[in-house]
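Colleague: Please take a close look at the ligand site and the sheet beside it in the text that follows. One connected account will do.

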Amino acid sequence: MITYNERERIFKLDTPDTTYMIGIVDEENFIGHIYYGKRLKEAEASYLMRTQEPPFVPSTNNRERCSFYDCFPFEYPTSGVGDYREGCIGIRTAAGHVGSMLSYVSHEILEGKPELEGLPATFGSEQDCMTLKLICEDRHVGMQVELLYTVFHDTDVITRSAKVTNTGREYFYLTKICSACIDMDNRDFDMISLHGSWARERHIQRKALGYGIQSVSSCRGESSHQDHPFLALADKHATQENGEIYAMNFVYSGNFRAQAEVTQFDSVRMTMGIHPENFCWKLECGESFQAPEAVMVYTDKGFDAMTQTFHRLYRKHLIRGEYKDKKRPILINNWEATYFDFNTDKLLSIAREASKLGIEMLVMDDGWFGNRSSDNCALGDWKVNENKINGGLKYLVDEVNKLGMKFGIWFEPEMISPDSDLYRAHPDWAFAIPGRPGTESRQQFVLDLSRQEIVDYIYEQVASVLRSANIEYVKWDMNRQLTDIGSCGLPADRQGELYHRYVLAVYQMQDRLTREFPHLLLENCSGGGARFDPGMLYYSPQIWCSDDTDAIERLEIQEGTALIYPLSTIGAHVSDCPNHTVGRVTPFETRGIVALAGTFGYELDVTKIPVEDREMIPAQVAMYHKYNDLIREGDYYRIASYAQNRKYDCWQVVSGDKKQALVTFVQVMNRANFKSRRILLKGLDGEKRYRVEFVNDDSVEDQIYSGDTLMKAGLLVPNPWGDFKARLISLTEA
Ligand code: GLA
């Protein structure tokens, strides 16, 4: 619900349990942030903007105008005129000047949610949500800014974005743009972010917020392995079950910065936006720039509640397409099975064996095109290598289909190898700074997707392969970060637009792909999980989470990923041991149970793994079919974190009607002289009784307990014998 109290000049935005308030003050129409938190009854509290606190009263004390600017809680702060905190928007006029200040002009309140042109965004019908369009301007610059706020009626989410239009008589440059900002009093917050590296993505980091600026960011051209476009400020005492949290996540897949700045007056400014480094967008008269969307979640009920809110939003209002609410086919991918060493016979032998075990789709990974026999060459040459795929692609796909399996394929459309026919024909198609040698990474360059003819060419190459056979899945990879950001297609004063234009082009290509092939299951990937973000989720309902498939490494990676993203989106496979990344040997059973908390699939040569492992696959497949609806759609709770306790990991999913739940317990290292661990279950119905079944431990008999007891007093999990052991515990209403 969104209302405007005209007398008080207050906008009140309500979700089921939260309220967000914006006030217009003074004859100068400053737009201030009043409040964000638990739902309020009244549209009042404009005193929180502190405009009456001397000596900063704007109209009565013009002498201290600068001090006013520097402490007023701006809804969308600018810079260069007296607010010395980090602003949301930066401009440089034709004359080279940089200051700006926004004031309220008008507003509109709409049912539903407008789309953001060219960008992924959450969506909702007129029944689902309401939007406030707040128009403000800087007359001096000739700039209008449209701030968009959408409240969802079924989840405690507010989304925001901003659109800047040049309404003046001369061009200006946009040098910075954020999508969301909250100015509030610091409450001794902790800052929570997701940090990582290749094969170590999205580890949760929590630390105390101090004075000054603290940020997480990427200038790598993608959301990245290293930092994640997510930031939460939480009460220092916030736990999984309790405490206030303000979280922001960015629906964007390129450079970003998420920042918290604690000021001299103990206020905190939290912002999310495109990273300003190397960003400079020229706006000619009448032109607009649309910033991506930021998602804001507030809860006073701890991290489980925050997580469930993100999961619900993304499942219902972000992910689209045929597989939105559907079980995904269990796939087997040949990457870790064969790397580049495969041909039709090899793939068919894997498929034959896999189909007998109940696996439903074969995915042919990197190496099927051009003369790609290693990762040194051929990106861009999207023609089937018939020396390897002897008989042709259609023959292979048909043979796989005859086994009752679907077929999927790998592409890395955004890249070009210096050793490729494409590069030999078009050396100017890669990003490059003229005269400077390009920086290779994995022996490849990045295609200059700011040029539409290159986008069109690559799209056609990919699409014609997909049109040539019954291909039902694509893994869209992106295996290096951006450098040499220069395009011969743009004039000097538009080179600062390249990073963003690149991301827009990726979105455009994936949009075309999903429109032309509406039945395709698309899985994004980037050197593992470097582009696991809500922007990508808009196009693909699942994303490869990490190249590290070790079950124990995955605990931390999947915990951090599931902090925001539904389990249905997390690409997770069972691979062979010793694990190819860390050399660890874990039980096949544990690998299966950990992968079950994701999309579930295999990444191994099923003809070569030990017989005992292979024999377990049909039971794992059955487990997937039995529990996947619950895992995909259930509410997720974190019970214990191996990342924190260094002993064991435990999570749980509960069905919406609370009739079913599934608990996963992973003991990492066994302990001597330790019999059982008590875990407190969550989210059950205290009035219901549940049959508790230890799915993979016959030594424990089924028992019936009340939900109340299981949540308050707990359940005993007998200590498994050995390291890296997992237990799956199923609860059904008795
Ligand atoms: C990336 C992906 C892997 C695999 C390889 C192929 O690293 O994350 O899963 O597809 O590329 O080159």
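Modeller: Two strands count as paired if DSSP finds at least two bridges between them. The model is predicted, and the strand pairing below is read from it. Strand β23 (residues 406-411) and strand β26 (residues 473-476) run parallel and are joined by four bridges. One of the residues involved is Trp410, whose bridge partner in β26 is Lys475. These strands belong to an open sheet of nine, with parallel pairing, in the order β29-β28-β27-β26-β23-β22-β21-β31-β30. Its edge strands, β29 (570-571) and β30 (574-575), each pair on one side only. Helix α4 (residues 344-357) packs on this sheet and touches β21 (331-333) as well as β22 (361-364). The direction of α4 makes about 155 degrees with that of β22.

Lys475 also leads to the ligand: Lys475 is listed with Asp365, Asp366, Gly528 and Asp547 as the closest of the 13 residues that surround the ligand. Sorted by class, this shell holds six charged, four nonpolar and three polar residues. Three aspartates place polar side-chain atoms by oxygen atoms of the ligand. For Asp547, an N or O atom of the side chain is 2.5 Å from a ligand oxygen. For Asp365, the distance from a polar side-chain atom to an oxygen of the ligand is 2.7 Å, and for Asp477 the corresponding value is 2.9 Å. On its own the ligand has 310 Å² of accessible area, and the protein covers 96% of that.

Terms used: Residues numbered from 1 in each chain as written. Predicted model: local features only at pLDDT ≥ 70, side-chain atom pairs only at ≥ 80, totals over all residues. Heavy atoms only, no water. Near = heavy atom within 4 Å. Polar contact = N/O pair within 3.5 Å; in protein donor to acceptor, adjacent residues only side chain to side chain. Areas by Shrake-Rupley, 256 points an atom, 1.4 Å probe, with all protein chains shown as cover. Nonpolar A, V, L, I, M, F, W, Y, C, P; charged D, E, K, R; others polar. Helix = DSSP H or I, 4+ residues; strand = E, 2+ residues; numbered from the N terminus. Contact = heavy atoms within 4.5 Å. Axes fitted to C-alpha atoms, helices over the stretch in contact; angles between N-to-C directions.
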